[in-house]
Amino acid sequence: MSIRALPLYATIAIFLLAYLICYIQFPAMLSTRVIGNLLTDNAYLGIVAVGMTIVIISGGIDLSVGSVIAFSGVFIAVVLRDTGIHPLVVFAMLLAITTAFGAAMGGMIYLLAMPPFIVTLAGMFLARGASYMLSIDSVPIADPLYQLMQRAYYVMPGRGRLTLLGMIMIMAVVVGMIVLHRTRFGTNVYALGGGEATARLMGVAVGRTTVAVYAFSGFMAGLSGIVFSVYTSAGYPLATVGVELSAIAAVVIGGTLLTGGSGYMFGTLIGVLTMGLIQTYIVFDGSLSSWWTKIVIGGLLLMFILLQKGLLRLRIHQ
Amino acid sequence: MLLSTRDLTKTFPGTRALDAVSFDLKAGEVHALLGENGAGKSTLIKCLTGAYRRDSGDILFEGQPIFPQSTLEAQAIGIGTVYQEVNLLPNLTVAENLTLGHQPRRLGMIRSRAMNAQADEMLSGYGIDIDVRRTLDQYSVAVQQIVAIARAVHLSGRVLILDEPTASLDAREVQMLFDVVRDLRARGLGIIFISHFLDQVFEISDRLTILRNGRHIATCPAAEVDRMQLITLMLGHELQQETATRARPVADGKDAIRFSGVGRRGRIAPFDLTVHKGEVIGMAGLLGSGRTESAEVLFGAAPSDSGTVEDSDGPVDLRNPRAAIAAGFAFAPEDRKTDGIIAELSVRENIILALQARRGWSRPIPQAEQIRMADDYIARLDIRTPDAEKPVGLLSGGNQQKVILARWLATNPRFLILDEPTRGIDVGAHAEILRLIEDVVAQGMSILVISSELDELVAVSHRVIVVRDRQHVSQLTGEDVTTDTIVRAIAAPDLTPEATT
Amino acid sequence: MTTVLRRVAPQLLTLVAVIMLVSIYFPSFWQIVYVNERLVGIPIDVIKRGAPVALLAIGMTLVIATRGIDLSVGAVMAICGASAAWSIDQGFGLWAALGIALVAGLICGLWNGLLVAVFDIQPIVATLILMVAGRGIAQLITGGTILTFDNDAFSYLGSGTLLGVPVPAVIWVLTGIGFGLLVRRTALGLLVESIGVNLRASTLTGINSRVLLIAVYMGSGFCAALAGIIATADIRGADANNAGLWLELDAILAVVIGGNSLLGGRFSILASILGAMIIQTINTGILLAGFPSEFNLVIKAVLVIIILVLQSPRVLPQLAYLWRGRRDRSQRPKQSQTSQQNAGTETKT
């Protein structure tokens, strides 16, 4: 068994164990309805975490995604309100903007040789500021397509609903898995996270890969923004503050090494579901307070960071 | 000739790293490149592989002049390199490492099975049977080296440069690697082999080229030289220097620091050492023999895991550098840039730093006192700097070394360890540092000098310890301290039978 | 003194420029009046509202000087504010509340410092844990509500005045002076800069880098505790969700505007505080101009980008090269002799 896959197994084991505990206390939690809701409610987070996984495996971080999601919602809402452009065209425009935005950040990180953390911090301010410039208030979206998208679902056995949003998230994860594990680009991402200097010596185009990594994250943030706007039927510049933190937490809890070079896309899906499960449990319980979510997630973060550190020591020891 | 250089010259500020070096490599030979640190080996390799741009001279590949601008270009021409470390990515699978950038694809997707088959194919003939789907870091360093060789041979295929490939291998693994090297030689590759293990050099090489101070010293068939001649050529002591007359150490035993059985597993075998007041102990040995490791044990930088240390007042605590400094020890490390200077801080701050660290944060050295100390040492050691406030990183190597010496002299230590104090320093500064050693010893300080320059050791040392294969193998005193005896002790394993690995 | 002035000159000039810009739109900017035993005016407002970021920037400067970063300060503010409010609520009195809040901040700093210095975890990763969990802990203390209290002595710290000056401004000025004296009148500043430039060489020189690192993170926690106390006292309640929200980013920005390198080494607390004041002046100016306060996000982004370009290890040498090239060209005819002398002193650039 590969030592590198150990955090992934730990993630899966924790998720199953948590689900078991939930089930013992509240047998109703083992139903397709709960699972369907878990997927729908966390769809936007899951999608953005797919992009974040690739960024983190490449050894970077993207703090701008929460702001980009908010920008996306406001952009769509304002364009739909003020023009007669078809929503699908608006989606395409938006994805082009957010992808270019990500690419620009990647370019700056590479060209300026500055820490990704501070460059994407500037991106975070910029995207949030841009959404305020479009609108200060929440802008409702009443497009027929939106109503259609909200009502689109597949009824699973047990009357649970697999919504369109949930399906988009699963598709995003599948696309992420293919990109990360089945393309040369994906291998280059691991190479970058394993050691930039060595990767360059081995012929990896470091600049192009860095730009592509952040462009991919920007694309996923835009897609997440579309899903979030469908989920809430509105664009609000104050929305999704701190989602970048949740996404980073989900990626780490999913077994990805925060310093890059190691991790699995599937683990991120489990990480997102684990975080969703904690929230669902608290809702089911009723007496527990919501802040326990943050504390438990912080505890899980600590556990996984220490686990990774321990494994690193073990590998060096070998 | 497969690959040759003609009058290759490369200059860095302050030093001429390569001085009109001519070198050639035939197809189907293993050609060892020998020399101490700073001899110009790595500069030569970096010029060959395009990592450095040469100042002048030619590089000919099969008779054609080439101008590689990067290691990738050199690789495409046919020159592949395997370094001691950082060749491949430990977090990727063996197959991914072998095929990175060339993975077989269908519709943009990597065909894993084909990729793994290709990797298996690339590894066939290397005598290792491993699962290419596992990540590289699950295999031993030897296997990683062979995988790196397989990749380099696959991508370049004519010239293979092995830069210290055996540094972290055990004897069995070295044989495994050598089998691969012999096989490649039989296939007609030209192989440049760099190692500081002379036994290995003699075992595998057909010809040897020796560099010293950036100059080509000799090239000859390996069978025509013995160890003595080789070491003499590498260390170079054409100048027969007479042993300088010097004051005998005060060997009354009272002021001695006695190390008994100190060592560190995997780095240096346990050894005994008694340091007398006012004594200069030289330490000789080839690169990688355990010289620096001895110094690190003595200073607590890599603390000893055995033995005891005591002086006339009882046991001495050497848990870490702080404890060692408190006990009056000082250490000027070999790698000035990473272990010595604090580049951004000023000359003044660098000079007072060790003393300040020993006094503790709450008792700052007054500004006036700092300036006085800095000016004093700048004058005393002739540190060439416009003023004491210049960042030390902007000074030349020799002046940086003097700043580090000043830093330690300011703490007034009783035992000063100098690891290669004169490497990469111009002749003037070199002489000044030797004079300085004589000065402080006259005042009663004890010094341990590690150096590759035997003339220098003979000139300053009262006695010389010879280190080989991570053991202290002999100690030369009095009349025996000559370059000849040192070379003989480094070269001859039969002098001390227990020293063989 | 002149070296200090030279160091903070860019920040001072920027601050003056920003103030002048605001003054053009609001000639009444400098109108300060004295009513009800307190000074009232825009500059007074700036130094009061800028207090939390200025305090956080003091601690953050030291952390960044060690080549670290502390993402948790916003959450630590919330924890300490909540602890203080809880103590008041329990009737422990002013001094106990202050003590408990400050100790809470020190414990948070100790936690971060242990993860960084002992467990050897990257600072950005190590402090992320408390950034995520901290607000949960704060909510745990407040019980999820905005814990309000009625204690005039405590709220004096947030909204009172001392000789007409708002108490928060007095606190950050005193803290800044205190920390400034602590690092510059002792050897701490030098030792911190040393481990920030070269940790390994510093350890070999005998500096106790592990303890020093922990102390620096504890200092950051202490500053965050003071900021949390002020924020809590100001609104007479602890809001675990919003106290100090995103202020860690403003604090980092202030340090960066202060010209301190994110790669560690030389630092100036005064410059960071000026950076915090620049940020607050922009905030206030935008508010006065009638723009929504959120517009300053774009300005901050532009500021960060400009500073990044100026600090970039790839861009700086190029600029220096261009600059030197121009000087060389203009001076070459008459300077050939000097340049030979320079070469003789073997100083390499």
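Begin by selecting B:Ile417 and B:Leu448: B:Ile417 stands opposite B:Leu448, which lies in strand β20 of chain B. Please bear in mind throughout that this is a predicted model.

**Strand β20 and its neighbours**

Extend the selection to β19(B), residues 415-419. This strand pairs with β20(B) in the parallel sense, and 5 bridges join the two. Next, add β15(B), residues 280-284, which also runs parallel to β20(B) and pairs with it over 4 bridges. Within this second pairing, colour B:Gly282, whose position is opposite B:Val449 of β20(B).

Now isolate residues 446-450 of chain B, the span of β20(B). Is this strand enclosed or open? Of its 5 residues, 5 are buried, so the strand is largely enclosed by the rest of the structure. In a regular strand, side chains alternate between the two faces of the sheet. To view the two faces of β20(B), select B:Ser446, B:Leu448 and B:Ile450 for one side, then B:Ile447 and B:Val449 for the other; the residues on both sides are all buried.

**The domains of chain B**

Colour chain B by domain: domain 1 covers 3-91 and 135-235, domain 2 covers 240-328 and 413-501, and domain 3 covers 336-412. Proceed to the contact between domain 2 and domain 3 of chain B, to which each domain contributes 13 residues. On the domain 2 side, select α10 (321-326) and α15 (427-442) of chain B, the elements that supply two or more residues to this contact. The largest share of that side comes from α15(B), with 5 residues. Colouring the domain 2 side by class shows 10 nonpolar residues, 1 polar residue and 2 charged residues.

**Chain B against chain A**

Display chains A and B together. Their contact involves 22 residues of chain A and 18 residues of chain B. On the chain B side, highlight α2 (71-77) and β8 (109-110), the elements that each give two or more residues. By class, the chain B side consists of 8 nonpolar, 7 polar and 3 charged residues.

**Chain C against chain A**

Finally, replace chain B with chain C. Here 34 residues of chain A are in contact with 33 residues of chain C. Select α6 (123-142) and α14 (296-311) of chain C, each of which supplies at least two residues to the side that touches chain A. Which element gives the most to this side of chain C? That element is α6(C), with 12 residues. A last colouring by class gives 24 nonpolar, 5 polar and 4 charged residues on the side of chain C that touches chain A.

Methods
Residues numbered from 1 in each chain as written. Chains lettered and ligands numbered in written order. Predicted model: local features only at pLDDT ≥ 70, side-chain atom pairs only at ≥ 80, totals over all residues. Contact = placed C-beta atoms within 7 Å. Nonpolar A, V, L, I, M, F, W, Y, C, P; charged D, E, K, R; others polar. Domains from an automatic or database assignment. Buried ≥ 20, exposed ≤ 12 C-beta atoms within 10 Å, placed from the backbone. Pairing = 2+ DSSP bridges.
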